[in-house]
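Happy to go through this one with you. Let's take the labels one at a time and ask what stands behind each.

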Amino acid sequence: MNEVNGSVDDGLVVKGLFAGYGRARAVSDVNLEIGRSEFVTLLGPSGCGKTTTLRCVAGLHVPQSGEITLGGARLYSPAVNIPPHKRDINMVFQSYAVWPHMTTLENVMYGLKAKKMPRAQARTKAQQMLDLVGLGEFAGRHATDLSGGQQQRVALARALATEPSLVLMDEPLSNLDAQLRARMRDEIRQIQRRTGITVLYVTHDQSEALSMSDRVVVMNQGVIQQVGDPWALYHRPENAFVATFVGEANVVPGTVADVGAHAFTVEVTGLGPGTVLDIARATAADCPAKGDAISVVFRPEWVRVPEETGTASSGGNTFRARLVSSEFLGDHFERTYEAGRHRLRVQAVTGPTSRPPEIGAEQTLLVTPENLTWFHREDAGDPAPSAHEDAAGEPTTVLGS
Ligand code: ATP
């Protein structure tokens, strides 16, 4: 939980949630704690169980087992199932779901009137909410006569108006164009900070998750893979799925050969005979033991090509690699290299004085010990690198999208 936010006693707790459709399991053993005023995002590929989890919290889908509490009150357990309208939770959907026959103001007033707020007070509150989302001047307009982005802001104002304990947002920006999506991200985050509402957000867009959230929950195939703040997820992924789903990553298997006070050394023969990489220890405690089977992770943007940048290669890890493809994007090259049995993605930044190399050129690549991270290998029982090769023995270094 984010320390700046409220205690989890006031927030949402999901324990051992299993849910599915008929005999098909969609969500397995999901455990979550969201503190008051926290913004937490479920991130994962299509079909990984994000919406099912959200719908269980909302009361729109009945779990197979588990327990859900909000502000200490039990919403679901095998013995309890509070109906959706009594859960003090509002939802914002991808499809906006504004009522077409009502004005913008009436849309926002709807929930307040349902809660028996006197009409004049509801009108004032709804107008305040519209002002908050920048739609004050559109109060009298029919909600469907607004643009997509404006309709989504009406939905947001409506969800916030009753000051629920929790707002659930299911891909609320997916129907908007890229520019508006970027602006709305920022607006939703600012409004959430200003109002202090607790948000559980769902997206498959990693940049949305990283830019908006206090913490991100990465899911795959119905199972939570890792929970962490955006920085930790990107820089300390705990398995290959997280490393490659959150950003792009080169993942290379190795064995710890030596452990020093500030760094440890990993043999990565897959990158070429005798290749070793030094990895800086982030903290004294954070270190594998000699002989451990680990995966070394480095991002394309962490690799340097010393001969093109004039960087000194002393003090860094270097290995030889052959250029397989190179795309010039102005500010950098998107390249693929072959090193030993691996294909590596590299974002090369070069200056105006250095012409790019020919395809097929042999170059030295550099990654500093500080820019390498690692996790214990899931296939540690297997003979070293083979789990990263396909049936034909081709290199299949794991890369993100
Ligand atoms: P997306 O990003 O595509 O919305 P998601 O991560 O939200 O995906 P869910 O919608 O929770 O995933 O679906 C999880 C699994 O449950 C998927 O395998 C999906 O096919 C299945 N599923 C979802 N809804 C139903 C349904 N009504 N009936 C049967 N299976 C369903």
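Below are some questions and answers about this predicted model.

Q: Why is P83 called partly exposed?
A: Its relative accessible area is 32%. Buried means under 20% and exposed means over 50%, so a value of 32% falls in between and P83 is partly exposed.

Q: Where is P83 found, and what separates its C-alpha atom from that of G59?
A: P83 is in the loop between β6 (80-81) and β7 (89-92). The two C-alpha atoms are separated by 6.0 Å, although P83 and G59 are 24 residues apart along the chain.

Q: What makes the pair formed by G47 and the ligand a polar contact?
A: A backbone N or O atom of G47 lies 2.7 Å from an oxygen atom of the ligand. The cut-off for such a pair is 3.5 Å, so this one counts as a polar contact.

Q: How do you know that the side chains of K50 and T52 also make polar contacts with the ligand?
A: For K50, an N or O atom of the side chain is 2.9 Å from a ligand oxygen atom. For T52, a polar side-chain atom lies 2.5 Å from an oxygen atom of the ligand. Both values are within 3.5 Å, so both pairs qualify. As for cover, the ligand taken alone exposes 640 Å², and the protein buries 55% of that.

Q: Which residues make up the shell around the ligand, and how do they divide by class?
A: Y21, A26, P45, S46, G47, C48, G49, K50, T51, T52 and E171 surround the ligand. They divide into four nonpolar, five polar and two charged residues. Glycine is classed as polar, so G47 and G49 belong to the polar group. Helix α1 (residues 50-58) gives the most to this shell, with three residues.

Q: Which residues of helix α2 are called buried, and what covers them?
A: In α2 (residues 104-114), the buried residues are T104, L105, N107, V108, M109 and L112. The label means that each has under 20% relative accessible area. Their cover includes α3 (119-132) and α4 (148-161). Just after α2, K116 takes a positive phi of about 70°.

Q: Where do the two domains lie along the protein chain, and what separates their centres?
A: The domain assignment gives domain 1 (8-235) and domain 2 (248-376). Taken over C-alpha atoms, their centres are 40 Å apart.

Q: How many of the chain's residues, as a percentage, count as buried?
A: Of the 401 residues, 50% do.

Methods. Residues are numbered from 1 along each chain as its sequence is written. This is a predicted model: local features need pLDDT of at least 70, side-chain atom pairs count only at pLDDT 80 or more; totals for chains, interfaces and linings use all residues. Side-chain values use heavy atoms; hydrogens and water are left out. A residue is near a molecule or strand if one of its heavy atoms lies within 4 Å of it. A polar contact is a pair of N or O atoms within 3.5 Å; within protein, one must be able to donate a hydrogen and the other to accept it, and residues adjacent in sequence count only if both atoms are side-chain atoms. Accessible areas come from the Shrake-Rupley method with a 1.4 Å probe; for residues, only the protein chains shown count as cover. Helices (H or I, at least four residues) and strands (E, at least two) are DSSP runs, numbered from the N terminus. Buried means under 20% relative accessible area, exposed over 50%, partly exposed in between (1.4 Å probe, protein chains only). Domain bounds come from an automatic or database domain assignment. Contact means heavy atoms within 4.5 Å.
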